[in-house]
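Dear colleague,

I am handing over the structure below, and I would be grateful if you could look through it with the notes that follow at hand.

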Amino acid sequence: MGFPQNFLWGGATAANQYEGGYAEDGKGLAVADLITDGNKEQPRRIFYRFPDGREGTIGLGECIPAGAQGILKDDYYYPSHVATDFYHHYKEDIALFAEMGFKVLRLSISWTRIFPNGDDQQPNEAGLAFYDKVFDEMLTHGIEPLVTILHFDMPVHLATAYGGWANRKLIDFYLRYASTVFQRYRNKVKYWVTVNEVNVLGGYWTLGLSNDAASEAGSKKSYNQGETPDAEAGLKFQALHHLMVASALANKAAKIINPDFQMGAMLALSGIYPATCHPEDVFGAYAFRRKALLFSDVLFHGEYPNYAQSIFDEYGFTLKMEQGDAEILKAYPSDFLAFSYYRTTVFDRFSANTTTTGGQQGAPNPYLQTTAWGWPIDPDGLRYVLNELYDRYQKPLFIVENGMGAKDTVNADGTIEDDYRIDYLRGHIRAIKEAIEKDHVPVMGYTPWGCIDIVSAGTGEMAKRYGMIYVDMDDKGHGTLKRSRKKSFYWYQHVIKTNGEEL
Ligand code: BGP
């Protein structure tokens with residue numbers, strides 16, 4: 001039986017990590033543009049300034065102190081400003097994706113290219129025109145766009161003037177933006193994702209949040225998936241509620257503009273295992289998993305589940321629902337569940353409050369090897385998660401991120417032999433095939449992350465590469481931006497050509 005004939009093979013990217021052109025053609029500033037470079041030892045930072053001139057920095061998951069504004073500083077390097085310059089290389093890149101045989105390309109629209117401040121009355125025509133050119137180019141090559149409307153993207157102005165997603169006004173601004181792109185691209189784009197990884201968003205970077213408690217910042221933790229600093233949890237949950245209402249309203253608006261649109265909700269759903277069969281490990285893992293599934297439960301079941309309050313209780317938080325919110329969540333669920341899967345995590349009752357490299361709570365798994373960044377490699381975990389999610393939601397699944405961040409070496413003759421990446425992808429594709437064939441789980445498609453090298457979201461490095469296409473660019477922005485095909489390029493091309501039969 002194998003993969004269905006219409007299986008959507010492709011790759012995935014995001015504007016803030018790929019496009020560059022951060023201030024071109026009227027684009028406004030996004031918080032992502034304020035994030036400095038970093039590496040494994042030195043986390044990325046955002047500088048801020050108070051009106052009285054005092055300055056400080058915050059880490060990626062943190063709130064900005066109330067009254068301060070994110071700023072750019074001379075002498076610092078900002079990887080998103082050029083990234084790997086899709087803005088000027090889109091034709092060349094799309095031709096390479098077509099050469100690999102892509103049926104679909106996941107990319108995000110930059111909110112501040114369309115509405116530079118976020119609350120503008122009229123969109124920026126130059127921004128809209130850019131994506132017209134991109135989608136036309138893709139369609140000419142027979143590649144379907146899968147468009148993320150919001151991928152780690154936050155107009156600085158909406159954070160400064162409104163306090164980000166904690167403010168309900170953001171729902172209207174997001175809807176204005178979403179409706180504008182639905183209308184403009186109604187004949188070019190069919191597959192949409194409303195928000196990237198709803199369940200890991202937090203702080204200033206992705207939600208634009210500010211907080212009085214954050215003024216003592218400086219030493220707090222940085223970006224950790226699934227982790228929530230207590231002082232900021234209430235703000236975060238309320239902001240995410242607004243975002244989920246906005247996502248449901250976007251589903252509504254989309255179907256009015258084009259009933260054929262397929263709307264996806266997207267979450268980070270790498271799996272969780274208990275460390276042992278000790279009941280506290282087993283229930284601990286189960287409860288930890290629900291912190292991620294809480295959001296897909298709301299987006300697909302259309303209501304907060306019974307256990308939501310037990311999570312909110314941990315942070316002393318009470319959700320404020322406005323009249324009509326419950327009906328909106330119920331009435332406009334998403335059509336498909338898109339998710340990222342990179343690894344699994346082990347829940348261990350003794351180290352439940354520690355974090356590991358890779359940004360997820362957990363203990364080491366002695367049965368699995370890890371990437372150079374410490375992320376466990378677990379193809380079977382993907383089959384497990386595909387089953388778990390289909391059992392729970394009975395909605396078509398789309399794996400819109402998967403892959404291995406690795407250092408690549410360019411040989412003297414220019415070749416790049418990334419067999420480790422091929423092994424990783426082969427294992428995961430095999431696991432998807434088993435889920436389809438043996439478990440009868442409907443999977444729409446597979447778009448490995450960073451199919452061309454782009455900036456790492458977590459560390460800001462270029463050295464952490466996921467691509468099948470190499471881009472000559474280093475961690476500090478030095479490089480020719482020249483593209484070259486890695487060994488995995490030819491391997492994946494063959495996989496697509498044989499519809500996953502020959503791995
Ligand atoms: C996901 C994000 C992506 C991407 C990926 C890999 O959480 O949706 O934007 O970056 O993780 O993470 P990293 O870039 O930190 O290796």
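Strand E2 (residues 46–49) and strand E3 (residues 55–58) run antiparallel and are joined by four bridges, and in this predicted model Arg-49 has Glu-55 in E3 as its bridge partner. The two strands, E2 and E3, form a hairpin with five residues between them, and in its turn Gly-53 has a positive phi of about 100 degrees. On the other side of the pairing list, E2 is joined to E5 by three bridges, again in the antiparallel sense, with Tyr-48 standing opposite Gly-70 in E5. Taken as a whole, these strands make an open sheet of three in the order E3-E2-E5, with antiparallel pairing. Because E3 and strand E5 (69–71) stand at the edges and each has a single partner strand, one side of each is left without a neighbour in the sheet. Neighbouring strands of this sheet are turned against each other by 45 degrees on average, if direction is ignored.

The second sheet to mention is a barrel, into which eight strands close in the order E1-E6-E7-E8-E10-E12-E16-E17, with parallel pairing. From one strand of the barrel to the next, the twist averages 30 degrees. As an example of one of its pairings, strand E12 (residues 336–340) and strand E16 (residues 397–401) run parallel over four bridges, and Ser-340 has Glu-401 in E16 as its bridge partner. Helix H9 (residues 279–301) lies across E12 and strand E10 (262–268), and its direction makes an angle of about 165 degrees with that of E10.

Two helix pairs may also be of interest to you. In one of them, helix H2 (residues 86–100) packs with helix H4 (residues 125–140) at an angle of about 20 degrees, their axes being 10 Å apart. Since angles under 35 degrees count as roughly parallel, H2 and H4 are therefore described as roughly parallel to each other, and H2 passes H4 in a right-handed crossing. The residues that meet are Tyr-90, Lys-91 and Ile-94 in H2 and Val-134, Glu-137 and Met-138 in H4; by class, this contact of H2 with H4 has four nonpolar residues, two charged ones and no polar ones.

The other pair is formed by helix H13 (residues 419–437) and helix H14 (residues 487–497), whose axes come within 9 Å and cross at roughly 25 degrees. H13 and H14 are therefore also roughly parallel to each other, and H13 passes H14 in a right-handed crossing. On the H13 side the contact is made by Asp-419, Arg-421, Ile-422, Leu-425 and Ile-429, and on the H14 side by Lys-487, Ser-488, Trp-491, Tyr-492 and Val-495. These residues of the contact of H13 with H14 divide into six nonpolar, three charged and one polar.

Finally, there is the ligand, and which residues around the ligand come nearest? Of the 15 residues around it, these are Ala-14, Gly-405, Ser-456, Ala-457 and Gly-458. By class, the shell around the ligand consists of seven polar, five nonpolar and three charged residues.

With best regards

Definitions and conventions: Residues numbered from 1 in each chain as written. Predicted model: local features only at pLDDT ≥ 70, side-chain atom pairs only at ≥ 80, totals over all residues. Near = placed C-beta within 6 Å. Nonpolar A, V, L, I, M, F, W, Y, C, P; charged D, E, K, R; others polar. Axes fitted to C-alpha atoms, helices over the stretch in contact; angles between N-to-C directions. Parallel < 35°, antiparallel > 145°, perpendicular 65-115°, else oblique. Left-handed = near helix turned anticlockwise from the far one by under 90°. Contact = placed C-beta atoms within 7 Å. Pairing = 2+ DSSP bridges.
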